[in-house]
Amino acid sequence: MIQKPKGTRDLLPTESYRWQEAERKVKEVLESYNFKEIRVPVFEYTELFQRGVGETTDVVQKEMYTFDDKGGRSITLRPEGTAGVVRAYLENGMGSMPSPVKLWYNMGMYRYENVQKGRLREFHQIGAELIGSSSYLADVDVILMANQIFKALNIPNIQLNINSIGCPKCRSEYQKKLREFIGKNLDSYCDTCKTRFEKNPMRILDCKEKRCKEFNVGAPMMIDYLCDECKEHFEKVKESLTALNVKFEIDSGIVRGLDYYTKTVFEFIDGDSGLTVLGGGRYDGLVQEFGGQPTPAVGFATGVERLMEMYNVNNPDAEEKKVDLYILSLGNEESKKAFEISEKLRSQNLKIERDIFERSFKAQMKYADKIGARNLLVIGEEELKTNSAKIKNMATGEEKEVSLNADEIKNLL
Ligand code: HAM
């Protein structure tokens, strides 16, 4: 039997209803902040991610699903959403829309990663991008919205960590200091780190290799080298969060794995697994990097599989909506009546099941019971003749007489 590729999963009906429920709650939060949904292609030209995410990131260097299409163009399955969304923002002239432009998405992402708990090769992200505002207020709004997602999903055990990684102006001074520190042991770092030393030493702080991590202990931190503007911006973000009673910690070790970040970065950590369930930050240079006018932006994405782990732990009782009515029918004419009634009720958003096997009375009863139908209506010869039947509440056993009329039946469900 052919099996699914490593790092992918099947989402089965036993779980998909929970996803739908959580996705609906998250969507309600995003829309309450007036974010609007965007969908972008699953593949883009490779250059988009090389330029957007950054040549020296793990994502670009090691994790992209890249191939040449039949026309010889290099194509990459999207490893993240921000680059594609910003491309779409520019390509569709969204810069002329009222600013800020607030977009959200729920899309599959593809990264060739070492598969382990919480780390898949196909995974999903719900993300939000606020494009146009450079104010600290936008950072705060977006962090509040992320925080609200965990509240809406009844997930209490979550830790918000924030940091500032400055702007290109303050970063050059910092990079000098960082090179001095790393340079002392450069020979002992992994080969990837060595290639990053000149181009982008901050990426070395993000290396997952054990020996590199050990050498990184005590490295200078960007937060100590912020320019006045970045410092003030970060102070205001912190002040606002404190005033709003949003608990956070400053983690000067957050560098994020993508190159486009500037100033505020943040991560929400699962208190049980220690995994980052949501990550984001400001990316003031990306729109310009893709050829647009200088346009500040801030956003985040949450890994839906990781989010669902937490949702399931904290909402164990969430149940799928049961079938409202099972219509048991015997014989051709009775079956036609059952179709007539079920179609009317289904068009009113009720969940109706009926026999499509020509099964026996007993077999239909058994099935209605197995699927946990809330009510049962039996249409036999007698019922058809008198145009009236009994509707039974399966939980209480209570029976009520009803005419074979969809509206009347609906009132009893
Ligand atoms: P990221 O930190 O690379 O950021 O990913 C965001 C979230 O996606 C992570 O915190 C994690 O929950 C989930 N995730 C990442 N990789 C995997 C994986 N292999 N398996 C399962 N879940 C995973 C971004 O992608 C940015 N585009 C976020 C952003 C939007 N920043 C600004 N706007």
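Visitor: Where is the place of Asn34?

Guide: Asn34 sits in the loop between helix H1 (13-32) and strand E1 (36-37). Helices (H or I, at least four residues) and strands (E, at least two) are DSSP runs, numbered from the N terminus. A word on ground rules: this is a predicted model, in which local features need pLDDT of at least 70, side-chain atom pairs count only at pLDDT 80 or more, and totals for chains, interfaces and linings use all residues. Residues are numbered from 1 along each chain as its sequence is written, and side-chain values use heavy atoms, with hydrogens and water left out.

Visitor: What makes the phi of Asn34 worth a mention?

Guide: Asn34 has a positive phi of about 65 degrees, although it is not a glycine. Most residues other than glycine have a negative phi, and most peptide bonds are trans.

Visitor: Which peptide bond is cis?

Guide: The one from Ser99 to Pro100, with omega near 5 degrees. Pro100 belongs to the loop between helix H4 (82-91) and strand E5 (101-110).

Visitor: Why is a space called a pocket and not a cavity?

Guide: Both are sets of points on a 1 Å grid over the protein atoms alone: in a cavity a 1.4 Å probe fits but cannot get out, while a pocket is an open set with protein on both sides within 12 Å along at least five of seven lines. Lining residues have an atom within 4 Å of a point. Points are joined across faces, edges and corners, and the volume is the space filled by probe spheres set on them. By that reckoning the largest pocket holds about 1,200 Å³. Of its 50 lining residues, Arg119, Arg256, Gly257, Glu267 and Thr276 are closest to the centre.

Visitor: How do you know that the ligand takes the space of the largest pocket?

Guide: A molecule sits in a pocket if more than half of its atoms lie within 2 Å of the grid points. The ligand is assigned to the largest pocket, so it satisfies that test.

Visitor: What makes a residue count as near the ligand?

Guide: One of its heavy atoms must lie within 4 Å. There are 27 residues around the ligand, and Glu80, Glu113, Leu120, Glu129 and Tyr261 come nearest. E10 gives the most to this shell, with six residues.

Visitor: Why is the pair between Glu113 and the ligand called a polar contact?

Guide: The term needs a pair of N or O atoms within 3.5 Å; within protein, one must be able to donate a hydrogen and the other to accept it, and residues adjacent in sequence count only if both atoms are side-chain atoms. A side-chain N or O atom of Glu113 is 2.6 Å from a ligand nitrogen, so the pair qualifies. Arg256 places a polar side-chain atom 2.8 Å from a ligand oxygen, and a backbone N or O atom of Gly118 is 3.4 Å from a ligand nitrogen.

Visitor: What is the volume of the second largest pocket?

Guide: About 450 Å³. It is lined by 22 residues, with Arg171, Asn200, Asp259, Tyr260 and Tyr261 nearest its centre.
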